[in-house]
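Student: I've got a model open and I'd like to go through it with you. Could we take it piece by piece?

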Amino acid sequence: QARPETPQRADEQDHGKKTKMRNTAGRRDGLLHMREALEDPSLDPEATKQARQILSASTNLVNVNLGSHSSVEDDSYRGVVAEFCPLNFSAQKEKPPELPMFKDVVRNSHCGENSKHTIRVDLKEAVE
């Protein structure tokens, strides 16, 4: 009788390489949930690290998007997604003509929609 397949554990091999299952306690819907990540750092250490990077300003706000369920009213908003990424300004300082605009620095820092360096968070949660 064949045994049903079970998901691999973090210490099992995957295509000949060690894999590490990512705990996503501090993330949902592609967003970092800062409050959760900071309340219990042991649940998702990577999420906690990213939340601390945002709070310490070691990442930069590079983009703001209105999600499909966003709402902006007179004195309140929800569903506004902020994208943070650590920027490398040293290349711009060395060769300003090659990276004259902020968007050039963002691109040169490997920040973008699908970048592993980009941290997406609900803006309201980031500023609370």
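Student: Which residue in S6 does Val 72 stand opposite?

Tutor: Keep in mind that this is a predicted model. Strand S5 covers residues 60–72 and pairs with S6 in the antiparallel sense. A hairpin joins the two strands through 4 residues. Across from Val 72 in S6 stands Tyr 77.

Student: And over how many bridges do S5 and S6 pair?

Tutor: The hairpin takes the chain from S5 to S6. The two strands run in the antiparallel sense, and their bridges number 8.

Student: Okay, on to H2. Where do its buried residues sit around the axis, on the same side or on opposite sides?

Tutor: Helix H2 spans residues 45–55, and its buried residues are Ala 47, Thr 48, Gln 50, Ala 51 and Ile 54. They cover an arc of only 165° around the axis, so they all end up on the same side.

Student: Which elements do those buried residues pack against?

Tutor: There's one helix on the list, H1 (34–39). The others are strands: S3 (27–28), S4 (31–32), S6 (77–85) and S7 (119–122). So S6, which pairs with S5, also turns up here; the full list is S3, S4, H1, S6 and S7.

Student: What phi does Ala 57 take?

Tutor: Look just after the end of H2, where you'll find Ala 57. Its phi is positive, at about 65°.

Student: Is Ser 109 buried or exposed?

Tutor: Ser 109 is found in the loop between helix H4 (102–108) and S7. Leaving aside neighbours within four places in sequence, it is in contact with Pro 86, Leu 87, Asn 88 and His 117. The cut-off for buried is under 20% relative accessible area. At 9% relative accessibility, Ser 109 therefore counts as buried.

Student: Which residue's backbone oxygen lies 2.8 Å from a polar atom of the Ser 109 side chain?

Tutor: Go back to H4, the helix that comes before the loop holding Ser 109. The backbone oxygen at 2.8 Å from that side chain belongs to Val 105.

Student: Last one: how many residues apart in sequence are the parts that the disulfide ties together?

Tutor: The structure holds 1 disulfide, and it joins Cys 85 to Cys 111 with an S to S distance of 1.8 Å. The link is left-handed, with -80° about the S-S bond, and both cysteines are buried. Cys 85 lies in strand S6 and Cys 111 in the loop between H4 and S7, so the separation in sequence is 26 residues.

Definitions and conventions: Residues are numbered from 1 along each chain as its sequence is written. This is a predicted model: local features need pLDDT of at least 70, side-chain atom pairs count only at pLDDT 80 or more; totals for chains, interfaces and linings use all residues. Side-chain values use heavy atoms; hydrogens and water are left out. Buried means under 20% relative accessible area, exposed over 50%, partly exposed in between (1.4 Å probe, protein chains only). The arc is that of the directions from the helix axis to the C-beta atoms. Contact means heavy atoms within 4.5 Å. Two strands pair if DSSP finds at least two bridges between them. A polar contact is a pair of N or O atoms within 3.5 Å; within protein, one must be able to donate a hydrogen and the other to accept it, and residues adjacent in sequence count only if both atoms are side-chain atoms. A disulfide is a pair of cysteine sulfur atoms within 2.5 Å.
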